[in-house]
Amino acid sequence: MLKAIMKFFKSLNNNSHPGEIAHAVCLGMVLGLTPKDNAFWYVLFVFFLFIRINKSALFIFTFIFALIAPAFDNIFHQVGYSILTYEKLTPVFAKLIDIPFVFFTKFNNTIVMGSFVTAVAAYIPMYFLVRIFVRYWRAIFSPLVRKTRLVNFLSKIPLVQKIQEIGDDLA
């Protein structure tokens, strides 16, 4: 996990494309908010591994959003219930449940459906927010953080220097 965090902060400060970081954060949000006890999550996870994104950001934000997802289960249930009980979609869901192996995706679970739809709806706004954050981080905040006394003090500690050397070897 330490390697992933170090790679993420390196990618924030180097010339990796902000879109790769933003997509990784958004895909981490989709994976983190979606419950992990179904085949749908594992299919998405494997698919996302083959996309050209910042993998360390994907793993970090999947973990972060997985920690906060239970707090929103009530909202996910309400969204999922409204989608699954929508009259015009009922025949589609009835046909899907008869297809072999589709049941293992647990699409008929209100929390699975609600969390996935909510995460997909939040994808585009989150993408633009992360791109703006990366732009401001590189232009304004990163130089300010490097000049602080805390960073100067921490950079002189031998353990921190060793971790920084390991991070330089990863790049």
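Modeller: A nonpolar core is a set of buried Ala, Val, Leu, Ile, Met, Phe, Trp, Tyr and Cys residues joined through side-chain atoms within 4.5 Å. Please keep in mind that the structure above is a predicted model.

Biologist: Before we look for such a core, how many helices and strands does the chain have?

Modeller: The chain has nine helices and zero strands. Read from the N terminus, its elements run α-α-α-α-α-α-α-α-α. Of the 171 residues in the chain, 32% are buried.

Biologist: Which residues have the most contacts inside the largest nonpolar core?

Modeller: They are Leu33, Phe48 and Leu58, in a core of 26 residues. Helix 2, helix 3, helix 4 and helix 7 each contribute at least two residues to this core. The largest share, ten residues, comes from helix 2.

Biologist: What is Leu33 in contact with, leaving aside its neighbours within four places in sequence?

Modeller: Leu33 is in contact with Phe65, Ala69, Phe76, Ser115 and Ala119. There is also a second, separate core of six residues, which includes Ile83, Leu84, Phe93 and Val102.

Biologist: How should I read a single helix, and which residues of helix 4 are buried?

Modeller: One may begin with its length and then turn to its buried residues. Helix 4 has 14 residues and spans 20 Å from its first C-alpha to its last, close to the 20 Å expected at 1.5 Å a residue. Its buried residues are Ser56, Ala57, Leu58, Ile60, Phe61, Thr62 and Phe65.

Biologist: Thr62 is in that list. What does Thr62 touch, not counting residues up to four places away in sequence?

Modeller: Thr62 touches Gly28, Leu31, Gly32 and Trp41. Thr62 counts as buried because its relative accessibility is 11%, and buried means under 20%. The side chain of Thr62 also reaches the backbone oxygen of Leu58, at 2.6 Å.

Biologist: Let us turn to charged residues. How many salt bridges are there?

Modeller: The general idea is that side chains of opposite charge can pair when their charged atoms come close. In this structure the count is two salt bridges. In one of them, the side chains of Arg52 and Glu20 meet at 3.3 Å, N to O. Arg52 lies in the loop between helix 3 (39-49) and helix 4 (55-68) and Glu20 lies in helix 2 (residues 18-33), so this pair ties together parts that are 32 residues apart in sequence.

Biologist: Are Arg52 and Glu20 exposed or buried?

Modeller: Arg52 counts as exposed, at 72% relative accessibility. Glu20 counts as partly exposed, at 22%.

Biologist: Which residue forms a salt bridge with Lys106?

Modeller: Asp37 does, with the closest N and O atoms 3.5 Å apart. Asp37 lies in the loop between helix 2 and helix 3, and Lys106 in the loop between helix 6 (90-98) and helix 7 (110-146), so the pair ties together parts that are 69 residues apart in sequence. Lys106 is partly exposed, with a relative accessible area of 30%.

Biologist: How far apart in space are Gln78 and Gly114?

Modeller: Their C-alpha atoms are 7.2 Å apart, although the two residues are 36 residues apart in sequence. Gln78 is placed in helix 5 (residues 73-84) and is partly exposed, with a relative accessible area of 49%. For the chain as a whole, residues 24 or more positions apart account for 75% of the contacts with a separation of 6 or more.

Biologist: Finally, what area does the chain expose?

Modeller: The chain exposes about 11100 Å², of which carbon and sulfur atoms supply 71%.

Technical notes: Residues are numbered from 1 along each chain as its sequence is written. This is a predicted model: local features need pLDDT of at least 70, side-chain atom pairs count only at pLDDT 80 or more; totals for chains, interfaces and linings use all residues. Side-chain values use heavy atoms; hydrogens and water are left out. A salt bridge is a side-chain nitrogen of Lys or Arg within 4 Å of a carboxyl oxygen of Asp or Glu. Helices (H or I, at least four residues) and strands (E, at least two) are DSSP runs, numbered from the N terminus. Buried means under 20% relative accessible area, exposed over 50%, partly exposed in between (1.4 Å probe, protein chains only). Contact means heavy atoms within 4.5 Å. The expected span of a helix is 1.5 Å times one less than its number of residues. A polar contact is a pair of N or O atoms within 3.5 Å; within protein, one must be able to donate a hydrogen and the other to accept it, and residues adjacent in sequence count only if both atoms are side-chain atoms. Accessible areas come from the Shrake-Rupley method with a 1.4 Å probe; for residues, only the protein chains shown count as cover.
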